[in-house]
Amino acid sequence: MKPGDLVKITRPRLGMPKGTVGLIVYSVETTDIFVESMGDPRIHMVDLIGSEFVGVSRTFLSRDLEVISESR
C-alpha cells in the first residue's frame with residue numbers, strides 16, 4: 001500500500017463502519033516492536049470518503065485496510 005491507493009476499511013471503529021472507503025494520503029514506517037510483530041510495520045493516514053466524513057483523516061495499520069484500486 002502506498003499514497004494514492006483507494007482502500008476499504010476491514011475492521012469497524014467507533015463511528016466508522018466496516019467497508020468505509022478512503023484514500024491513503026501518506027504512510028510512515030514505525031519502529032514500534034508490537035506493530036512490527038504483526039507483519040507490515042507501516043501506519044497509513046487515510047482521508048475518508050462520504051458525506052459524514054468530510055475533512056476527516058484517521059490513521060490505520062495495514063492489516064485494517066484492503067486495497068480497492070492502486071495508484072499508478
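Biologist: Where does Tyr26 sit?

Modeller: Tyr26 belongs to strand β2, which covers residues 21–29. Keep in mind that this is a predicted model.

Biologist: Why is Tyr26 called partly exposed?

Modeller: Its relative accessibility is 42%. Buried means under 20% and exposed means over 50%, so a value in between is partly exposed. Tyr26 therefore gets the middle label.

Biologist: What makes Val25, Tyr26 and Val28 a patch?

Modeller: A patch takes residues with over 30% relative accessible area and no salt bridge, and nonpolar side chains are joined within 5 Å. Val25, Tyr26 and Val28 form such a nonpolar patch on the surface. Together they show about 250 Å² of accessible area.

Biologist: Which elements does the whole protein contain?

Modeller: There are one helix and five strands. Along the sequence the pattern reads β-β-α-β-β-β.

Biologist: What order do the strands take in the sheet?

Modeller: The order is β4-β3-β2-β1-β5, in an open sheet with antiparallel pairing.

Biologist: What makes β4 and β5 edge strands?

Modeller: Each of them pairs on one side only. Strand β4 spans 57–61 and β5 spans 65–69. Neighbouring strands of this sheet are turned by 45° against each other on average, direction ignored.

Biologist: How do you know that β1 and β5 pair?

Modeller: Two strands pair if there are at least two bridges between them. Strand β1, residues 6–9, is joined to β5 by four bridges. That meets the cut-off, so the two count as paired. They run antiparallel. Lys8 stands opposite Glu66 in β5.

Biologist: Met16 next. Why is Met16 called buried?

Modeller: Its relative accessible area is 2%. The limit for buried is under 20%, so Met16 qualifies. Met16 lies in the loop between β1 and β2.

Biologist: Which residues does Met16 touch, leaving out those up to four places away in sequence?

Modeller: They are Ile9, Leu48, Phe53, Arg58 and Phe60. A contact means heavy atoms within 4.5 Å. Phe53 is 37 residues from Met16 in sequence, and their C-alpha atoms are 8.9 Å apart.

Biologist: What makes Asp5 and Lys2 a salt bridge?

Modeller: The rule asks for a side-chain nitrogen of Lys or Arg within 4 Å of a carboxyl oxygen of Asp or Glu. The closest N and O atoms of Asp5 and Lys2 are 3.9 Å apart. That is within the limit, so the pair counts. By this rule the count comes to four salt bridges.

Biologist: Are Asp5 and Lys2 buried or exposed, or what lies in between?

Modeller: Asp5 is at 1% relative accessibility, so it counts as buried. Lys2 has a relative accessible area of 34% and is partly exposed.

Biologist: How do you know that Arg42 and Glu29 form a salt bridge?

Modeller: Their side chains meet at 3.5 Å, N to O. The limit is 4 Å, so the pair passes. Arg42 lies in strand β3, residues 42–48, and Glu29 lies in strand β2, so the pair ties together parts 13 residues apart in sequence.

Biologist: Why do Arg42 and Glu29 get their accessibility labels?

Modeller: Arg42 has 24% and is partly exposed. Glu29 has 57%, and over 50% means exposed, so Glu29 is exposed.

Biologist: What makes Arg63 and Asp64 a salt bridge?

Modeller: The N to O distance between their side chains is 3.8 Å. This is within 4 Å, so they count as well. Salt bridges that share partners also join Arg11, Arg63 and Asp64 into one network. Arg63 is partly exposed at 45%. Asp64 has a relative accessible area of 11% and is buried.

Biologist: Where is Ser71, and which residues does it contact beyond four places in sequence?

Modeller: Ser71 lies in the segment after β5. Its contacts are Lys2, Pro3, Gly4 and Asp5. The C-alpha atoms of Ser71 and Lys2 are separated by 8.0 Å, although 69 residues apart along the chain.

Biologist: Why is Ser71 called partly exposed?

Modeller: Its relative accessible area is 25%. That falls between the 20% and 50% limits, so the label fits.

Biologist: How much of the protein is buried?

Modeller: Buried residues make up 29% of the 72 residues. The protein exposes about 4,600 Å², and carbon and sulfur atoms supply 55% of that.

Key
Residues numbered from 1 in each chain as written. Predicted model: local features only at pLDDT ≥ 70, side-chain atom pairs only at ≥ 80, totals over all residues. Heavy atoms only, no water. Axes fitted to C-alpha atoms, helices over the stretch in contact; angles between N-to-C directions. Patch = residues over 30% accessible without salt bridge, like charges linked within 9 Å, V, L, I, M, F, W, Y side chains within 5 Å. Areas by Shrake-Rupley, 256 points an atom, 1.4 Å probe, with all protein chains shown as cover. Buried < 20%, exposed > 50% of the residue type's maximum accessible area, 1.4 Å probe, protein only.
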